[in-house]
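Work through the exercises below with the sequence and the 3D structure at hand. Try each task before reading its solution.

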Amino acid sequence: MKTILIIDDEDSIRFSLDGILQDEGFRPVFASNGEEGLEKIREENPDLVLLDIWMPGIDGLETLRRAKEQWPELLVVMMSGHGTIETAVKALKMGAYDFIEKPLALEKVLLCVQNALKMGQLLEENRNLKARIAKDYEMIGESPPIAELKQQISIAAPTNGWVLITGENGTGKELVARAIHNLSNRREKPFVEVNCAAIPEDLIESELFGHEKGSFTGATTQRKGKFDLANEGTLFLDEIGDMSLKTQAKVLRILQERKFERVGGTRTIEVDVRVIAATNKNLEEEMQKGSFREDLFYRLNVLPFHVPSLRERREDIAPLVKHFLAHFSRQESREDKTMAPDAMKVLQNYSWPGNVRELKNLIERLVIMTPGNKIRLEDLPANLTSKQNSSFSSGLAGSALNAGNFREAKEEFEREYILRKLQENEWNISRTAEDIDLERSNLHRKIKTHGIELKK
C-alpha cells in the first residue's frame, strides 16, 4: 500500500483527500504545517507528498526546499489556491513533480497522484537497473596491479583528460573505461561504445559522425552518429588501433576542434565529449609502421592506463571465480555453486591466454553444465587439468604458444619467465639475476624492454 503525505493547514482539504485516497487503496497521513510535515517525511518515508504552498510558519516552497535537500528523490506535488504561473515554475525548478490549483478537482488529483507514482516506480526501476549494471561492470580483485589501477582511475576520472587504455584481449579494458565514466562528472550523461574493429571501413565514418538523408545508397533518413549520441558524456573507442588513417584524421579533428559534419552534410555540429580509447596493439610500433597517426596517439595518450593480464595478478583468480559463480548461478536461477579446492588450484595455475574473458566464459559453462552444487576437478576441461598446463613450465609455454609468431612467442616466454622469477625472489633484482644466471644490468634492461613494473 502506497503512503501519501498531505501537508496542508486546512481541515477541509485534509478531510476530503483522506476519503478519496483511502477509497483508491492508498494510505494517507497528514501534517498541518511545514515543520510537522518534514518530521512526518522522516518518520513515514512516504511515496508521495501533496504540499500546500500557503501555510503558517514556513511556507510550502521553503518546506519543499528543505525536503529536497534531505531527500532528493522525494516526489512532491504542490497545491495552491493562489496559484500563479511564476509560483508554479519556481516550484518545478525546485524539484516538484507537478502543480495543481485549488479548489481541488478530485479526479484531477487522482490522475496527478497516479502519474506521480508511476514516475516514482520508473525512477526506482532505473536506479535498480543502474545498480545492477554497475555491479556487472565491477572491477574484481585487490592484487597490487589492480589496486594501483583503481587508484589511478579514482584520480583521473573526475578530470576531462582523454584516456588511452592498453592491454591484451580479454583483460577488461571496457571495465576500466566504464569505471572512469561512472566516477566522472559525466556519470549522468551517456556512455557510448564503438568497436572500431567490428565496423566495416566504408561504414565507420557514418557510424561515428552520422549521415544526412540521401548521402549514400540506403541512407533513407538522417541518422545521428556516436559522437552526437555521446554529447556531454563519454565516447569509448574500443580497438582504436584498427581504425584507418583516413578516419583517424577525422577523429583527430574532432578532438582538436570539438566539431564535425555528418556524412553528406555541410552543417557543422559542435560536441562536448570525453574520449576514452582502448587497444590491444602496441601503438608505438604501429606508428613506426605508419599505420597509426603520431599526432592522434599523443592527443589520446594524455592519461595512459595499462590493464594487467590475468597471469600477472593470479591472486585475483579466486575472487573472480567466486564472483562469476555467484553471478551465473543467479542468472541461471540456480543455487550458488562452489569450486572444490583442487579445482581452484588448477585454475590459479593455468596461464589464461584469453585473460578474464576466458575465465568468465569457462565459469558460465561450468555453472550450466555441472549437475551438482560443487564443481570438482573432473568437471574442468581436459586442457586445464593436464599436467602440462598445471605445472610451472607449461604455464609459461601455454601463454607463449598462443602468440602470433615466433618472435612474439619468444618475447612472451621471456617476459613471463622473468616476471615469475622476480615474484619468486620477492622482486629483488640482484637475487633474481643470480638465480637465472644473468648480469644484473642485462636483467634491468630486459625488465625495461618488457615493461615489467617492479613491486616494492
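The exercises that follow deal with a predicted model, and they go from open spaces to helix contacts and then to single residues.

**Exercise 1. The largest pocket**

Task: Find the volume of the largest pocket, and state which helix gives the largest share of its lining.

Solution.
Step 1. The volume of the largest pocket is about 2000 Å³.
Step 2. Its lining is made of 50 residues. Glu168, Asn280, Asn282, His306 and Arg415 are the ones nearest the centre.
Step 3. Look for the elements that supply at least two lining residues each: these include the helices α6 (144-156), α11 (283-289) and α19 (406-424). The strands β6 (163-166) and β14 (303-306) also supply at least two each.
Step 4. The largest share belongs to α19, with 9 residues.
Step 5. Sorted by class, the lining has 19 charged, 16 polar and 15 nonpolar residues.

**Exercise 2. The second largest pocket**

Task: Describe the second largest pocket by its volume and by the classes of its lining residues.

Solution.
Step 1. The second largest pocket has a volume of about 600 Å³.
Step 2. It is lined by 26 residues, and Gly172, Glu174, Leu175, Val356 and Lys360 are the closest to its centre.
Step 3. At least two lining residues come from each of α6, α7 (173-182), α13 (317-331) and α15 (355-369).
Step 4. The classes are 11 nonpolar, 9 charged and 6 polar.

**Exercise 3. A cavity**

Task: Which residues line the largest cavity, and how do they divide by class?

Solution.
Step 1. Rolling a probe the size of a water molecule over the atoms shows where empty space is left.
Step 2. The structure holds 1 cavity of 30 Å³ or more. The volume of the largest cavity is about 40 Å³.
Step 3. Its lining consists of Trp162, Ile254, Leu255, Arg258, Val271 and Val273.
Step 4. By class there are 5 nonpolar residues, 1 charged residue and no polar ones.

**Exercise 4. Helices α2 and α3**

Task: Decide whether α2 and α3 are roughly parallel or roughly antiparallel.

Solution.
Step 1. Helix α2 (residues 34-44) packs against helix α3 (residues 60-70) at an angle of about 20 degrees, and the axes are 10 Å apart.
Step 2. Because angles under 35 degrees count as roughly parallel, α2 is roughly parallel to α3.
Step 3. The two helices cross in the right-handed sense.
Step 4. On the α2 side the contact uses Gly34, Leu38, Ile41 and Arg42, and on the α3 side Thr63, Arg66, Ala67 and Gln70.
Step 5. These contact residues divide into 3 nonpolar, 3 polar and 2 charged.

**Exercise 5. Helices α13 and α14**

Task: Give the crossing angle of α13 and α14 and the residues that make their contact.

Solution.
Step 1. The axes of α13 and helix α14 (residues 341-349) come within 10 Å and cross at roughly 120 degrees.
Step 2. The pair is therefore classed as oblique.
Step 3. The crossing of α13 and α14 is right-handed.
Step 4. Ile317, Ala318 and Val321 of α13 make the contact with Met344, Leu347 and Gln348 of α14.
Step 5. This contact has 5 nonpolar residues, 1 polar residue and no charged ones.

**Exercise 6. Helices α19 and α21**

Task: Is the crossing of α19 and α21 left-handed or right-handed?

Solution.
Step 1. The axes of α19 and helix α21 (residues 440-449) come within 10 Å, at a crossing angle of roughly 115 degrees.
Step 2. The crossing is left-handed.
Step 3. In α19, the residues Glu414, Ile418 and Leu422 meet Leu443, Lys446 and Ile447 of α21.
Step 4. By class, the contact has 4 nonpolar, 2 charged and no polar residues.

**Exercise 7. Backbone and single residues**

Task: Where do Pro103, Asn45 and Arg357 lie?

Solution.
Step 1. Most residues other than glycine have a negative phi, and most peptide bonds are trans.
Step 2. Lys102 and Pro103 are joined by a cis peptide bond with omega about 0 degrees. Pro103 is in the loop between β5 (98-101) and α5 (106-136).
Step 3. Asn45 has a positive phi, near 50 degrees. Its place is the loop between α2 and β3 (48-52).
Step 4. Arg357 is part of helix α15. Leaving out residues up to four places away in sequence, Arg357 touches Asn169 and Gly170.
Step 5. Arg357 and Leu310 are 47 residues apart along the chain, and their C-alpha atoms are separated by 9.7 Å.

Definitions and conventions
Residues are numbered from 1 along each chain as its sequence is written. This is a predicted model: local features need pLDDT of at least 70, side-chain atom pairs count only at pLDDT 80 or more; totals for chains, interfaces and linings use all residues. Side-chain values use heavy atoms; hydrogens and water are left out. On a 1 Å grid over the protein atoms alone, a cavity is a set of points where a 1.4 Å probe fits but cannot get out, and a pocket is an open set with protein on both sides within 12 Å along at least five of seven lines; lining residues have an atom within 4 Å of a point. Grid points are joined across faces, edges and corners, and a volume is the space filled by probe spheres set on the points. Helices (H or I, at least four residues) and strands (E, at least two) are DSSP runs, numbered from the N terminus. Ala, Val, Leu, Ile, Met, Phe, Trp, Tyr, Cys and Pro count as nonpolar, Asp, Glu, Lys and Arg as charged, and the others, Gly among them, as polar. Axes are lines fitted to C-alpha atoms, for helices over the stretch in contact, and angles run from 0 to 180 degrees between N-to-C directions. A crossing is left-handed if the near helix is turned anticlockwise from the far one by less than a right angle, and right-handed if clockwise. Contact means heavy atoms within 4.5 Å. Angles under 35 degrees count as roughly parallel, over 145 as roughly antiparallel, 65 to 115 as roughly perpendicular and the rest as oblique.
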